[in-house]
Amino acid sequence: MARIQVCVPGSGAVPPEAAALRFSNSCKAAEPVRLKISGERNSLERCMLHFANYEKHTEYDEEEKAWICSIYYDMADETELLIEVLSFGPVVRVLGPESFLRQIRARVKRQHQLFYEVTE
């Protein structure tokens, strides 16, 4: 939004199919993303602030000495959530679901390839 320089109303009518897309109901993910938050470097506070716009449930696991956070999200927000989770690096570990873990692995593998593989 910060880069929008000009906004003017159009002269034409809005197509009828646009109204159907306007407030489409998002599809909730079947399972929440489960994170293990170590607590290092204020990671719990940063996660709670960073994921404030998501419905979540967090509890402390005495055995693991870490917080387990379940984040409930709409499928439309999955890519954004994936990028946000990756931004925390080693202080957050994704526990599930498996489909989300596969996407995490694919992203990390791709980044590794881009960074370390030499193209000739």
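**A sheet, its strands and the helices around it**

In this predicted model, strand β1 (residues 33–37) and strand β3 (residues 66–72) pair in the antiparallel sense, joined by five bridges. One position shows the register. Valine 33 has isoleucine 71 in β3 as its bridge partner.

Strand β3 also pairs with β2. This pairing is antiparallel too, and it runs over seven bridges. Here tyrosine 60 is the residue opposite tryptophan 67 in β3. The two strands form a hairpin, with four residues between them. Within that hairpin, lysine 65 adopts a positive phi near 55°.

Now take the sheet as a whole. It is open and has four strands. Their order is β2-β3-β1-β4, and the pairing is antiparallel. Which strands lie at the edges? They are β2 (55–61) and β4 (92–96), and each of them pairs on one side only. From one strand to the next, the twist averages 25°. In a regular strand, side chains alternate between the two faces of the sheet.

A helix packs on this sheet. It is α4, which touches β1 and β4. The direction of α4 makes about 135° with that of β4.

Helix α4 (residues 98–116) has a helical partner as well. It packs with helix α3 (residues 78–86) at an angle of about 60°. The axes of the two helices are 11 Å apart. How are α3 and α4 oriented to each other? Angles from 65 to 115 degrees would count as roughly perpendicular, and those under 35 degrees as roughly parallel. The angle of about 60° fits neither range, so α3 and α4 are oblique to each other. Their crossing is right-handed.

Which residues make this contact? From α3 come Glu78, Thr79, Leu81, Leu82, Ile83, Val85 and Leu86. From α4 come Phe100, Gln103, Ile104, Arg107 and Val108. Sorted by class, the contact of α3 with α4 has eight nonpolar residues, two polar and two charged.

Charged pairs deserve a look next. The count of salt bridges comes to four. One of them joins aspartate 74 to lysine 28, where the closest N and O atoms are 3.9 Å apart. This pair links distant parts of the chain, with the two positions 46 residues apart in numbering. Aspartate 74 sits in the loop between β3 and α3. Lysine 28 sits in the loop between α1 (16–22) and β1.

Notes:
Residues are numbered from 1 along each chain as its sequence is written. This is a predicted model: local features need pLDDT of at least 70, side-chain atom pairs count only at pLDDT 80 or more; totals for chains, interfaces and linings use all residues. Side-chain values use heavy atoms; hydrogens and water are left out. Axes are lines fitted to C-alpha atoms, for helices over the stretch in contact, and angles run from 0 to 180 degrees between N-to-C directions. Angles under 35 degrees count as roughly parallel, over 145 as roughly antiparallel, 65 to 115 as roughly perpendicular and the rest as oblique. A crossing is left-handed if the near helix is turned anticlockwise from the far one by less than a right angle, and right-handed if clockwise. Contact means heavy atoms within 4.5 Å. Ala, Val, Leu, Ile, Met, Phe, Trp, Tyr, Cys and Pro count as nonpolar, Asp, Glu, Lys and Arg as charged, and the others, Gly among them, as polar. Two strands pair if DSSP finds at least two bridges between them. A salt bridge is a side-chain nitrogen of Lys or Arg within 4 Å of a carboxyl oxygen of Asp or Glu.
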